[in-house]
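Here are my notes from a first pass through the coordinates. Have a look at the structure, then read on.

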Amino acid sequence: MGKLVIVGTIAFDAIETPFGKTDKILGGAATFIGLAASTFGVDATAVSIVGDDFPEDYLKLLSDKNIDLAGVEIVKGGKTFFWSGRYHNDMNSRDTLVTELNTLADFNPVVPENYKDAEVVMLGNLHPLVQASVLDQMTTKPKLVILDTMNFWMDSALEDLHNTIKRVDVITINDEEARQLTGEYSLVVAARKIHEMGPKYVVIKKGEHGALLFHNNEVFYAPALPLEKVFDPTGAGDTFAGGFAGYIAKTGDTSFENMKKAVIYGSTLASFCVEKFGTERMLKLSNDEIHKRLLQFKDLTQFEIEL
């Protein structure tokens, strides 16, 4: 089993959906990635930054999931990154109400010494220069580097983003971002263009419509599990990425065939994340529940046909 480095935000979220609203609750990309990856029992560390307003109880929730927190900087007198959003009735679109960078504005990630030889690095959605600085700290070349990004960095730091993308093996973005990054509407053509930028594998997330995995001329599609209710989509993309990265770190196999399984695990875990607000569902998830839902995915996608 390999080591996994997770870089991203540990934050406060305040969320409003058609099903209700929350006060400040535990959130952040590294949080969701870490909780998903922890279901595989991998040796993972989170590299992030918080203020001293961040509750000890939240840190304990993460450490109880065997997520190493040596790389989490706690700034005395600092305030933790805060995001607030309101989802529309379709649950696919949202309005950002508040973004307070706080300590994140001066974040210089420091990878713990005993994780600088990690086999898998998951670069959560941050400024591409911050992501690149993590790769600079690795003493051995990781077996797999996964990068998540968003349209904000395409608008504000495109050249830096291109330079970082050159250094990664897998990129995970949604369909809208893939189109913006490449200027191509067809996701097949967009994936080909992203391959040319450096990554060997391109994962395009399509929310309730599943995810696509591209590698050279091969394509794999994983549907999203149809759910009766989606309470809160916050963190679903990060949960997907954490499941993907965690499965690869556990198996140590970076072949296309194994990536397909990683996509299924990512989709499975994301389907749990959206069932409650914030991290609530992921914190109470059992291996038995995961196994049952994997069987649901299998039933959803398997069929026999005579040709």
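What follows is a short list of points on the packing and the surface.

1. Before anything else, keep in mind that this is a predicted model.

2. Start with the largest nonpolar core, which has 56 residues; L4 and F244 touch the most other members. As for secondary structure, helix α9, spanning residues 256-273, gives the most to this core, with 9 residues.

3. There is also a second core, separate from that one, with 43 residues. I25, V47, L147 and A190 are among its members.

4. Back to L4, if you want to look at its surroundings. Leaving out residues up to four places away in sequence, L4 touches A37, V42, D43, A44 and T45, then Y115, A118, V120 and M122, and also A245, G246 and A249.

5. T268 sits in helix α9. Is T268 buried or exposed? Its relative accessible area is 0%, and the cut-off for buried is under 20%, so T268 counts as buried. The T268 side chain reaches the backbone oxygen of I264 at 2.8 Å. Beyond four places away in sequence, T268 touches I290, R293, L294 and F297.

6. Now for the surface: F303, I305 and L307 make up a nonpolar patch there, and together they have about 480 Å² of accessible area. F303 belongs to the segment after α11 (287-301). With a relative accessible area of 67%, where exposed means over 50%, F303 is therefore classed as exposed.

Key: Residues are numbered from 1 along each chain as its sequence is written. This is a predicted model: local features need pLDDT of at least 70, side-chain atom pairs count only at pLDDT 80 or more; totals for chains, interfaces and linings use all residues. Side-chain values use heavy atoms; hydrogens and water are left out. A nonpolar core is a set of buried Ala, Val, Leu, Ile, Met, Phe, Trp, Tyr and Cys residues joined through side-chain atoms within 4.5 Å. Buried means under 20% relative accessible area, exposed over 50%, partly exposed in between (1.4 Å probe, protein chains only). Helices (H or I, at least four residues) and strands (E, at least two) are DSSP runs, numbered from the N terminus. Contact means heavy atoms within 4.5 Å. Patches are made of residues with over 30% relative accessible area and no salt bridge: like charges are joined within 9 Å, nonpolar side chains (Val, Leu, Ile, Met, Phe, Trp, Tyr) within 5 Å. Accessible areas come from the Shrake-Rupley method with a 1.4 Å probe; for residues, only the protein chains shown count as cover. A salt bridge is a side-chain nitrogen of Lys or Arg within 4 Å of a carboxyl oxygen of Asp or Glu. A polar contact is a pair of N or O atoms within 3.5 Å; within protein, one must be able to donate a hydrogen and the other to accept it, and residues adjacent in sequence count only if both atoms are side-chain atoms.
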